[in-house]
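Hi everyone, thanks for making time for this one. Let me put the structure up on the screen, and then we'll walk through it together.

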There are 2 protein chains.
Amino acid sequence: MDYTRGAGGAAIGARLRRVSEWIDGDATRVYAALGIDFEQRWFGVLNQLAQRGPASVGELASALRITHVSVSQTRQSLEKAGIVASEADPADARRRRLTLTEDGVRLVERLTPLWWAFEQAALELNADAGDAVATLDRLDDALARKSLFDRIIAIMPSPGSGTSAPPRG
Amino acid sequence: MDYTRGAGGAAIGARLRRVSEWIDGDATRVYAALGIDFEQRWFGVLNQLAQRGPASVGELASALRITHVSVSQTRQSLEKAGIVASEADPADARRRRLTLTEDGVRLVERLTPLWWAFEQAALELNADAGDAVATLDRLDDALARKSLFDRIIAIMPSPGSGTSAPPRG
DNA sequence: TCCAAATACGTAGGCGCCTACATATATGTC
DNA sequence: GACATATATGTAGGCGCCTACGTATTTGGA
């Protein structure tokens, strides 16, 4: 039924995406079922600001290992929702300093028990799946050492030009 | 630097998505570097048609474990590119029967060595990451047994209503 | 001191998937 | 054989991320 298990390498990206869609979708349904107005993409930035205090777009992108563009869009959404505020960094006008608003602090407090439940569910799932998180760590590390692009080009019968994938870090 | 490793459960979806983005992106760059006009999302449908012959939208969705909507959109893209053709199933006019065109067959032949390289690279990556594919299998199975939604709701302090996540297929 | 290069952030538009809803055809029951 | 229900596919629009490119500010030689 699930042919992707037999499709091997070329499908591994699709499989990862599929599982992430399931998890994201279920998380979205949890917030909806509890009547909480919350977007999945807010989590990283919000959690980061709650744990470590004010930060710039670039710092958040680096910590979350996503692009600054994605953080920038999330910031706009968070500001529109009144959860986060921002101002130009007085020491460097290129930077934007993000902080939680009072509403933001309250939202984080309200969500904390839910995030705890997430954590427990993830631990349970992780145990069921034979330490999936450790595997994710190893996958991250392996890709950081040598990107899939470089691996494929190195294997290709006729390697073509010497182009290389951009670094991910 | 990568805080997501410490963020635990609530970030697992984001981490999976992130890795899938890296892999998808590298795959896209490989096709681009070789000058091949190919979209990532074509792979599942194309590979399935090549391996098992003509199939309907629903059959492909089921085999690939994605929604029929996604397959429908991919079909339109493949038809526009002249790689796939379709006709109403004579036995059931609701169904659409997809087949590879001659161009489609040629494209699959041209891509076969590349997909082989993908496969080798994935095997290498898989070995580097301590059998990530087996972990993905277990994750699939664990989520099929009990969705993340159900796991979270079961753990929540005040479980709220008796709603449940829809089955995944 | 001036100006090229680097850095920080933003906008436009795309990708591959999704949910919600609409349409067309088939099926089963009275 | 008519009609409610089930099934197969499609359309509209959203999500969270991306690349490509543009603008504003800072930095570091010549």
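**Two DNA strands, two chains**

Let's begin at DNA strand D, which has 26 residues around it, the closest being Gln40(A), Thr67(A), Ser56(B), Gly58(B) and Ser72(B). Which elements build that surface? Two or more residues each come from H5 and E3 of chain A, and from helix H1 (12-33), H3, H4 and E3 of chain B. By class, the surface near DNA strand D has 6 nonpolar, 9 polar and 11 charged residues.

Before I go on, please keep in mind that this is a predicted model. Chain A has a mean pLDDT of 86, with 86% of its residues at 70 or more. Among the elements of chain A, the lowest mean pLDDT, 62, belongs to helix H1 (residues 4-7), and the highest, 97, to strand E1 (residues 55-56). There is also a stretch of chain A to treat with care: over residues 159-169 the pLDDT is below 50, and beyond near neighbours in sequence this stretch has 14 contacts in the model.

Now over to DNA strand C. Here, too, we have 26 residues around the strand, and those that come nearest are Ser56(A), Gly58(A), Ser72(A), Gln40(B) and Thr67(B). At least two residues each are supplied by helix H2 (12-33), helix H4 (57-64), helix H5 (68-80) and strand E3 (92-100) of chain A, along with helix H4 (68-80) and strand E3 (92-100) of chain B. The split near DNA strand C is 6 nonpolar, 9 polar and 11 charged.

How do the two protein chains relate? A turn of 180° with a shift of 0.0 Å along the axis lays chain A on chain B, with an RMSD of 0.0 Å. That is the relation of a two-fold axis.

On to the contact between them: 73 residues of chain A touch 74 residues of chain B. Several helices of chain A give two or more residues to this side, including helix H6 (102-128), helix H7 (132-145) and helix H8 (148-155). Which one gives the most? That is H2(A), with 17 residues. The chain A side divides into 41 nonpolar, 15 polar and 17 charged residues. And since 100% of the interface residues of chain A are also interface residues in chain B, the copies meet through the same surface.

One last detail, inside chain B. The axes of helix H2 (residues 42-52) and helix H3 (residues 57-64) of chain B come within 10 Å and cross at roughly 110°, so H2(B) and H3(B) are roughly perpendicular to each other. Gly44(B), Val45(B) and Gln48(B) on H2(B) meet Leu60(B), Ala63(B) and Leu64(B) on H3(B). That contact has 4 nonpolar, 2 polar and no charged residues.

That's my tour, thanks for listening!

Notes: Residues are numbered from 1 along each chain as its sequence is written. Chains are lettered from A and ligands numbered from 1 in the order in which they are written. This is a predicted model: local features need pLDDT of at least 70, side-chain atom pairs count only at pLDDT 80 or more; totals for chains, interfaces and linings use all residues. pLDDT is the predictor's confidence in each residue, from 0 to 100. Helices (H or I, at least four residues) and strands (E, at least two) are DSSP runs, numbered from the N terminus. Two residues are in contact if their C-beta atoms, placed from the backbone, lie within 7 Å. A residue is near a molecule or strand if its C-beta atom, placed from the backbone, lies within 6 Å of it. Ala, Val, Leu, Ile, Met, Phe, Trp, Tyr, Cys and Pro count as nonpolar, Asp, Glu, Lys and Arg as charged, and the others, Gly among them, as polar. Axes are lines fitted to C-alpha atoms, for helices over the stretch in contact, and angles run from 0 to 180 degrees between N-to-C directions. Angles under 35 degrees count as roughly parallel, over 145 as roughly antiparallel, 65 to 115 as roughly perpendicular and the rest as oblique. Copies are superposed by least squares on the C-alpha atoms of residues with pLDDT of at least 70 in both.
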